[in-house]
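Student: Please pick one part of this model and go through it closely. I would like a connected account with the cut-offs stated, and the wider context kept to the end.

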Amino acid sequence: MDEVRPTSGAQTHGLVSLIPPGLQAIYGECRRLYRDQSNPLQVTAIVKYWLGGPDPLDYISMYRNVGCPAQDIQEHWHYVSLGLSDLYGDNRVHEFTGVDKPSGFGFELTFRLKREVGETAPPTWPAELMQGLARYVFQSENTFCSGDHISWHSPLDNSESRIQHMLLTEDPQMQPIQTPFGTMSFLQIVGVCTEELQAAQQWNGQGILELMRGVRVAGGPWLITDMRRGETIFDIDPHLQQERVDQGIETEGSNLSGVSAKCVWDDLSRPPEDEEDSRSICIGSQPRRLSDKDTEQIRETLRKGLEFNSKAALPPISGQKQNHERPQSRKDSLESESSAAIVPHELVRTRQLESVHLKFNQESGTLLPLCLRGRLLHGRHFTFKSINGDTAITFVSTGVEGAFATEEHPYAAHGPWLQILLTEEFVEQMLGDIQELNTREETKLPKEYSWPEKKLKISVLPDSVFDNPLQ
């Protein structure tokens, strides 16, 4: 990657005509905000993605934003990506599907970084951060939406900063636009601390973003990231955790429907040497895989619970679009986030199990209280999808429709996909028994939890156990 000064601000007809139409549309929205910065500094991919280069974003434009003193909004650098939407319209990167459809992935990323005293040029590290997120989108074909959260598990600028994760929201200034190749919007990256990410996981991203808008040093109305911020919003205002987050979880539950995880499950009702053992799920010598329908079902449930960071962060990305038109209800459905109904694959029968053993690594295990309190007690479901293979574990409540686990047969397997139905009474019991997993401090492993009367066992194990998915 290299820094250049583009000709995006050229006003002569001849030069403008050389600029791809999708690029012109985004430049037009940028010029609406930055009339005096027609030729911004850019970071550009030396070898374009469509020529075999590693970076999907052709450019990242960087603007100096003076803020808004009347709203107490500080001066900052404003970064805008170019490449997630369709810039060219000739199928070199994105398939053109119509002017009334999303352009490319339907969005570009933005980022607002506090300008430090004496800075005369924007730091370029946010460009590489945006390229990393773009690579995830291109490789997984999962898109982002406002309220999503991203576990990064490392300072965004590779410093010693506490800002190690991200939330996404609508950019407060840039408006959705119609381009010649479809519609698109601008999603802003917001840097957050670990405690803020955890609160977003346990409650919802939009709620935490709204709290951050009310705290100037945490971002303020425009959610400007300050990499030198040393305090979380909960350090600044301790009442926010109990009065807003905890109360929100209690009344609304969590919007997090699933995560990528290090997990396996065993069918204790079968002898270990049985070829149908759930860990490897084999038919003869061929490994049994999830059907296309099940894969799409879980993919939609997780929406974006796929690993994209080489640091193997868990859970990397998750969240779901909120449907504000749908009335609040304790009844949820495994079909509610997918157009495909759950119809078991004809070649893979659904098996009822008598006894199961679930195994999670520590990071996944700490999400079990969230799964139970924030999801199942609100009539919802939660999925752990293994990063090591096709294994998936979905917890469902009695209010979930479309599940193949039932109150009569609470443990049911469809290939390597296990569903566990838990009654509200049992969920309350489990929460009391696993309450030590609520702590943010690392606990001594392994941890074993067993409910003999329910024929259920859960183990929280070191990461090394999951190096081999069949272990």
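Tutor: What follows is a close look at one sheet, then its surroundings.
The model is predicted, with local features requiring pLDDT of at least 70, side-chain atom pairs counting only at pLDDT 80 or more, and totals for chains, interfaces and linings using all residues. Residues are numbered from 1 along each chain as its sequence is written, and side-chain values use heavy atoms, with hydrogens and water left out.

The sheet is open and has 6 strands in the order 10-18-19-22-21-16, with mixed pairing. Its edges are strand 10 (258-261) and strand 16 (350-352), each of which pairs on one side only. From one strand to the next, the twist averages 20°. Strands here (E, at least two residues) and helices (H or I, at least four) are DSSP runs numbered from the N terminus; two strands pair if DSSP finds at least two bridges between them. In general, strands of a sheet pair through backbone hydrogen bonds, either parallel or antiparallel.

Helix 10 (residues 368-375) packs on this sheet and touches strand 18 (381-386), strand 19 (392-397) and strand 22. The direction of helix 10 makes about 155° with that of strand 18; axes are lines fitted to C-alpha atoms, for helices over the stretch in contact, and angles run from 0 to 180 degrees between N-to-C directions.

Strand 21 repays attention. Strand 21 (residues 411-414) pairs with strand 22 (residues 417-422) in the antiparallel sense over 4 bridges, and H414 stands opposite W417. The hairpin of these two strands has 2 residues between them, and G415 takes a positive phi near 65° there. Strand 16 is also antiparallel to strand 21, joined to it by 3 bridges; Q352 has A412 as its bridge partner in strand 21. Both faces of strand 21 are covered: Y411 and A413 on one side, A412 and H414 on the other, are all buried. Buried means under 20% relative accessible area, exposed over 50%, and partly exposed in between (1.4 Å probe, protein chains only).

Next comes the nonpolar packing. A nonpolar core is a set of buried Ala, Val, Leu, Ile, Met, Phe, Trp, Tyr and Cys residues joined through side-chain atoms within 4.5 Å. The largest such core has 36 residues, and L358, F384, I393 and F395 have the most contacts inside it. Leaving out residues up to four places away in sequence, I393 touches C263, V264, W265, L358, F360, F382, T383, F384, L418 and I420, a contact being heavy atoms within 4.5 Å. A second, separate core of 32 residues includes L57, A134, W152 and L187.

After strand 22 in sequence, helix 11 (424-433) and strand 23 (447-451) are linked by a loop that holds P446. The peptide bond from L445 to P446 is cis, with omega near 5°. Most residues other than glycine have a negative phi, and most peptide bonds are trans.

For the wider context, the protein chain has 11 helices and 24 strands, and 56% of its 471 residues are buried. Of the contacts in the chain with a separation of 6 or more, 69% join residues 24 or more positions apart.
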